[in-house]
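Here is a friendly walk through a two-chain model, written to be read with the viewer open. Keep the sequence at hand as well, and follow along at your own pace.

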Amino acid sequence: MKKDSKGYLALVLHAHLPYVRHPEYEDFLEEDWFYEALTETYIPLIEMFNRFEEEGVDFHITMSLTPSLLSMMADPLLQYRYLRHLNRLIDLAGREIERTRWMPEFHELALMYHWKFTRARQVFLERYDSNLIPAFKHHQDRGNLEIITCGATHGFMPLMPNDKAARAQIMIAADHYEKHLGRRPRGIWLAECGYRPGVDEILKEAGIKYFFTDTHGILYGEPRPRHGVFAPVYCPGSAVAAFGRDRESSKQVWSAKEGYPGDFYYRDFYRDVGFDLDYDYIKPFLHPDGNRIHTGIKYYRITGAEEEKEVYRPSIAREKAADHAGNFMFNREKQVEHLAGLLGTKPIIVSPYDAELFGHWWYEGPDWIEFLLRKIHYDQDTIDTITPSEYLERHPMQQVVLPSMSSWGYKGYNEVWLEGSNDWIYPHLHIMADRMVELAGRYQDADGLLLRALNQAARELLLAQSSDWAFIMKTGTMVEYAHKRTKDHIGRFDRLYNDILASMINEKWLGEVENRDNIFPDIDYRVYA
Amino acid sequence: MKKSELRKMTKKDLLALAKKKRIAVSESMLKADIIDTVFGGLSKSTGKTRTKARTKVKAKAKTKARTKTKVKAKTRAKTKAKVKKKAEVKAETKAKQAPAPKTGWDNGRTIRQKAVAGKYELTAGPITMPPVESMEIPADYGVTRIVAMAKDPAWLFTYWEITAERFMQLEKKFKDDWTKCTMALRIYDRAAKDHFDMNISYEARAWYVGVTPGGRYQVAIGVITPGGKFVKIAESAIIETPRDRMSDRIDEQWVMPDDVYDRIFAASGGYEVVAGGGSAEMRKMLEARLEEQLSSEGVSSFGSGELMPEQKERGFRLRVATELILYGATEPDAKVTIQGKLVKLRRDGTFTARFALPDGTIDIPVTAVSGDRVEERTIDTDVKKKSSEKAPVIR
């Protein structure tokens, strides 16, 4: 901690992917979401934490690792497939080194990719034996990283009226967290920052001390928040703390006008060798259906408005990332100084971002975070980085305010997940929740096949509740898959429900479904009772 | 109604009008505030509700048609074709990448919107995985119920199911009057102790209803008899719509001067200090700014061209690249180098190398040394490449 700091910066990275795992296929496109995030985001972040540890850089950062993401990280099939994926990439990068021999600028990039992929394999396989959870846990145990949880399957609370189903999302998540990280979670990232009054009561029951809302969740709270979003508030009754998102720091990264990731020298996301190179050459690295896909090898920079893109230069991009980190830090210092005068107390600036956007989409994002944390450590004394738990320990006295229902989605409420493209899912999701509660009430001491069927019904409900499906339907990217997943889980639940009531459980089919939708192996359906 | 007309009314009349139009105002508000609220409420209320509701009915009617298997197959094929078309267009747009001048992003979308879409971006082609198991989902559940949820401060979403048995009961009850009955939603405003009805068609399964922020609502579905009586079939739980502005309540223990509060609020809404000025007015301005930010910064409207049209440009493109494939054969135990770099031989002694070919002349010596190191052979290839682009012809 700095001696005379005037305020705090709480960086929050929300790491999440929906549970995508398809043993029934040899190769499955959407699993690439996870593999790409491992290579481009999670492993670079771990390496950054490791470097900080080696060099004695003090840093405090909060990161959610959602139960579905933790489950994928711990899954042997996905671990094996990730290695297969990496090996293919290393092979492709090796060929690219040869192919670009007469084009030095590209050659240098091919070497960089080859090195990065090889390095990722080394970290993943040799250092962590294919399971990255202990890597994150290590930095949590050292007191630099605070890992928080999220609804079991990223269920969106404002559209989940059944309180027992909402409770199950939280309780399962907290138990799952404890199993993988060795203690109870202190904080939670509510999926999409989606809060509705009452959720805090469930958090309290799970022993969770704080959550986040978007800016207006606090500003429109009741009564008026004395410190705006620059101090947390306690929810009345539950005394769970709510931290509001700071808009200024969020805008600096994401604004279309001044946002950092749009810099012309940063890597262009869309120009990928998967689309650019000769089909016969690239085909062995595509999926069996032969569609061109993003491979992760990208040679161009954003460049500007021109159609012609210029070749990416990593050294210049790195300098840009350093500049942007310096600019961000400078603005936080000014912001904190201004607010400290206004509030008469040390303000906390809460800056949450989707983790996967650093690295996967904004390729230089991890560099930017690293520069930022380094600079904060070495170059200034105005701000301290802090996690919400640490803040609450130091500043336990806060105002009591009931936050307003809100999310960080488009227009700030539920519209993204409830509109023409996806509203058809709710009649199903809601009755499934009601029926799961009904089953848990009716069968209190199930065992054998019935127990298995009841637990599987709970898994199907949870998987259907992932807010990702509604989100994807709305955004129009990979929609077919979101439809398929939603329908599969609705259909499987419906069959399980009817089979259970009729005492006609088909063990063979149940076994197949258990194998496919294997999330939360220790689930106990009684959580719905 | 114009704002100037509202200004001419007395506060009492304004309150009455607001009540009639179901716009939430309170007596403690200043007249100017009431005018603004009523004006805002009028411009977005009924007309919008209707259009929105209508499109909704259409959509839902379609969904229903889908349950007939024949229609279903057709619809599916259609959707697939549509998806395919969309994917093609998208591939083009992506490759084209025509961003706005200054930052390299089209102005319509924020970076976060594009970025979050990027999280799920994998391919531009249609996905053709054969289903291992395809599940049928129930069209309905045999439960008469109605559920309501807040979509945002101003809109409720409600859906319902009424079983065939329930309809039969009603038909029996009303006898000849049944055909003269109309279906309706009754929306109870539990805060204002008021309600209003909306007629709906029998085919409708869901509806969006315009309401006021920070309210408590309950929705019932039923029929209106020829005599005008509402007969309830099902009723939702009471739900709350979120507030879209600051709370009026001030915490006694945390009292502070209004202008200090406004400056904190301003900082929270975007770190812009607004000095002086009438408190209520400034707050309204800040609220409007926050609302504007909320509606522009979200993560929803990307990917789909209908929502945020890409810049209109011709989608035509041409890109040409040259690669050189060099292949040959020697004895399997020989060592082969291309430009001095060792090449891996296949088991039969053949080899292939592939290079991206830039403009200019390249000298490519290929050398093989026999396994016993006694003999060495070299073949030299000079390759010259020159490409040029002609000015485009627009017809």
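The report below takes chain A and then chain B, and the model it describes is a predicted one.

## Chain A: two domains

Let's start with the broad layout. The domain assignment splits chain A into domain 1, made of 10-74 + 131-258 + 312-411, and domain 2, covering 419-528. Taken over C-alpha atoms, the centres of domain 1 and domain 2 of chain A are separated by 29 Å.

Where they meet, 23 residues of domain 1 of chain A are in contact with 21 residues of domain 2 of chain A. On the domain 1 side of chain A, the helices α2 (67-73) and α6 (163-181) each supply at least two of the residues that touch domain 2. Which of them gives the most to that side? It is α6(A), with six residues. By character, the residues on the domain 1 side that touches domain 2 of chain A are twelve nonpolar, seven polar and four charged.

## Chain A: strand β1 and its partners

Next, look at strand β1 of chain A, residues 7-15. Nine of its nine residues are buried, so β1(A) is largely enclosed by the rest of the structure. In a regular strand, side chains alternate between the two faces of the sheet. Here, Gly7(A), Leu9(A), Leu11(A), Leu13(A) and Ala15(A) point one way, while Tyr8(A), Ala10(A), Val12(A) and His14(A) point the other way, and all are buried.

Which strands does β1(A) pair with? One is β9(A), residues 383-385, which pairs with β1(A) in the parallel sense over three bridges; there, Leu9(A) has Thr385(A) as its bridge partner. Another is β8(A), residues 348-354, which runs parallel to β1(A) and is joined to it by seven bridges, with Leu11(A) opposite Ser351(A). Strand β2(A), residues 61-65, also runs parallel to β1(A), with five bridges between them, and Val12(A) stands opposite Thr62(A). The helix α1(A), residues 32-55, completes a right-handed β-α-β unit with β1(A) and β2(A).

## Chain A: the enclosed helix α17

Is helix α17 of chain A, residues 467-475, enclosed or in the open? Nine of its nine residues are buried, so α17(A) is largely enclosed by the rest of the structure. Among these buried residues are Trp469(A), Phe471(A), Ile472(A) and Met473(A), and also Asp468(A) and Lys474(A). Just after α17(A) comes Gly476(A), with a positive phi of about 85°.

## Chain B: overview and an open sheet

Now to chain B, which has nine helices and 14 strands. Of its 395 residues, 26% are buried. Looking at contacts in chain B between residues at least 6 apart in sequence, 58% join residues at least 24 apart.

One feature to find is an open sheet of four strands in chain B, in the order β11-β10-β13-β14, with antiparallel pairing. At its edges stand β11(B) (341-343) and β14(B) (376-385), each with a single partner strand, so one side of each is left without a neighbour in the sheet. From one strand to the next, the twist averages 25°. Strand β10(B), residues 335-338, pairs with β11(B) in the antiparallel sense over three bridges, and Thr337(B) has Leu342(B) as its bridge partner there.

## Chain B: around strand β2

Strand β2 of chain B, residues 155-161, is mostly covered, with six of its seven residues buried. It forms a hairpin with β1(B), with two residues between the strands. Strand β1(B), residues 145-152, runs antiparallel to β2(B) and is joined to it by seven bridges; Val147(B) stands opposite Tyr159(B). Strand β2(B) also pairs with β5(B) in the antiparallel sense, over five bridges, and here Tyr159(B) stands opposite Ala206(B).

Trp207(B) sits in β5(B), residues 206-210. Why does Trp207(B) count as buried? It has 23 C-beta neighbours inside 10 Å, and the cut-off for a buried residue is 20 or more. Trp207(B) and Tyr159(B) are 48 residues apart in sequence, and their C-alpha atoms are 6.3 Å apart in space.

## Chain B: the open helix α7

To finish, look at helix α7 of chain B, residues 164-174. Of its eleven residues, the number buried is zero, so α7(B) lies largely in the open. Following α7(B) is Lys175(B), which has a positive phi near 50°.

Terms used: Residues numbered from 1 in each chain as written. Chains lettered and ligands numbered in written order. Predicted model: local features only at pLDDT ≥ 70, side-chain atom pairs only at ≥ 80, totals over all residues. Buried ≥ 20, exposed ≤ 12 C-beta atoms within 10 Å, placed from the backbone. Domains from an automatic or database assignment. Contact = placed C-beta atoms within 7 Å. Nonpolar A, V, L, I, M, F, W, Y, C, P; charged D, E, K, R; others polar. Pairing = 2+ DSSP bridges. Axes fitted to C-alpha atoms, helices over the stretch in contact; angles between N-to-C directions. Right-handed = clockwise from strand over helix to strand, strands pointing away.
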